[in-house]
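Good morning, and thank you for making time for this presentation. May I ask you to keep the sequence and the model in view while I speak.

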Amino acid sequence: MYKYFTLLFFVLLSIQLVSKPQNKKNKIPQKLPIYVETHINSSDSIFNCIISYRIPLNNLVFIQQNDSYYSNFAITFEIYENKKFIKRLFKDNKVNIADYSSTISDNLFSQGIVTTNLPKGKYVIKPLLTLGNTEIEVQIKPIDFEVDSNQVHKPIFVENLVSSNETYSYSLVNFQNS
């Protein structure tokens, strides 16, 4: 009798394992957690490199404090030339939002720029996003770019925003070099 139960157990286990094959075609495409662009301003021998970034607020982790929602993150850009580390750029950001619906919006962003000077050459940027309140690190796909006086310069597009008290601010409108 024990043999029959053991045999039945292994047959059922085999059926269970075989009947649920992994189907990678049905994976839901993931949105980018961050949009990164490179912009070059030419000079004689040194080039001013501007890295702009936009992070949808729904990709951040917010904590409620009193009547507002607070989040922070750090973004690091490591720059390599021929697989050799050149420099690291770091920016720490804090976000404070008044209403909850803004924290889950994919149309609102935290954004910024970092700048550095680089000589002519081919580089790779490796972005790393560290979410505050969790210490989760998200590695972003490396970005290849060339610093050269002959390259086409991609402009930074901004839109002029006017707040309720007539103060002006700007918002980046570029998305991942588009």
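**A walk through the predicted model**

I begin with a single residue, Ser71, which is buried, its relative accessible area being 0%. Please bear in mind that what you see is a predicted model. Ser71 belongs to strand β4, which covers residues 68–81. Its side chain has a polar atom 2.8 Å from the backbone oxygen of Val61. Beyond its neighbours within four places in sequence, Ser71 is in contact with Leu60, Val61, Phe62, Asn93, Lys94, Val95 and Asn133.

How far may we rely on the coordinates? The mean pLDDT of the protein is 78, and 65% of the residues reach 70 or more. Where is confidence highest, and where is it lowest? The highest mean, 94, is found in β4, and the lowest, 57, in strand β10, residues 158–162. Over residues 24–29 the pLDDT falls below 50, and this stretch has zero contacts in the model beyond near neighbours in sequence. As a general matter, predicted coordinates should not be read in detail where pLDDT is low.

Let me turn to the sheet. Three strands form an open sheet, ordered β1-β2-β6, with antiparallel pairing. The edges are taken by β1 and by β6, residues 109–119; each has a single partner strand, so one side of each is left without a neighbour in the sheet. From one strand to the next, the twist averages 20 degrees.

Is β1, then, an enclosed strand or an open one? Six of the seven residues of β1, which spans residues 35–41, are buried, so the strand is largely enclosed by the rest of the structure. Its antiparallel partner β2, residues 46–56, is joined to β1 by seven bridges. Within this pairing, Val36 stands opposite Tyr53 of β2, and Asn41 has Asn48 as its bridge partner.

His39 is also a residue of β1. With a relative accessible area of 3%, His39 is buried. The side chain of His39 and that of Ser52 are joined by a polar contact of 3.1 Å.

At the other edge of the sheet, I would draw attention to two residues of β6. One of them is Ser110, which counts as buried at 10% relative accessibility, because the cut-off for burial is under 20%. Which residues does Ser110 touch, if we do not count those up to four places away in sequence? They are Tyr53, Arg54, Ile55, Leu57, Phe73 and Val95. Ser110 and Pro56 lie 54 residues apart in sequence, yet their C-alpha atoms are 6.5 Å apart in space.

The second is Pro119, likewise found in β6. Pro119 is partly exposed, with a relative accessible area of 40%. Its C-alpha atom is separated by 5.9 Å from that of Phe47, which is 72 residues away along the chain. Leaving aside neighbours within four places in sequence, Pro119 is in contact with Ser45, Ile46, Phe47 and Val147.

We now come to the interior. How many residues make up the largest nonpolar core? There are 29, and those with the most contacts inside the core are Leu60, Phe73, Phe77, Phe145 and Val147. At least two residues of this core come from each of β1, β2, β4, β5 (84–97), β6, β7 (121–131) and β9 (143–147). To take one example, the contacts of Phe73 beyond its neighbours within four places in sequence include Tyr53, Ile55, Leu60, Val95, Ser110, Leu129 and Leu131.

Finally, I would mention two asparagines in loops. Asn66 is placed in the loop between β3 (63–65) and β4. Its phi is near 55 degrees, a positive value in a residue other than glycine. Is Asn66 buried or exposed? At 72% relative accessibility, Asn66 counts as exposed.

Asn133 lies in the loop between β7 and β8 (136–139). Phi of Asn133 is near 70 degrees, again a positive value in a residue other than glycine. Asn133 is partly exposed, with a relative accessible area of 33%. This brings us back to the starting point, since Asn133 is among the residues in contact with Ser71. Thank you for your attention.

Notes: Residues are numbered from 1 along each chain as its sequence is written. This is a predicted model: local features need pLDDT of at least 70, side-chain atom pairs count only at pLDDT 80 or more; totals for chains, interfaces and linings use all residues. Side-chain values use heavy atoms; hydrogens and water are left out. Buried means under 20% relative accessible area, exposed over 50%, partly exposed in between (1.4 Å probe, protein chains only). Helices (H or I, at least four residues) and strands (E, at least two) are DSSP runs, numbered from the N terminus. Two strands pair if DSSP finds at least two bridges between them. A polar contact is a pair of N or O atoms within 3.5 Å; within protein, one must be able to donate a hydrogen and the other to accept it, and residues adjacent in sequence count only if both atoms are side-chain atoms. Contact means heavy atoms within 4.5 Å. Axes are lines fitted to C-alpha atoms, for helices over the stretch in contact, and angles run from 0 to 180 degrees between N-to-C directions. A nonpolar core is a set of buried Ala, Val, Leu, Ile, Met, Phe, Trp, Tyr and Cys residues joined through side-chain atoms within 4.5 Å. pLDDT is the predictor's confidence in each residue, from 0 to 100.
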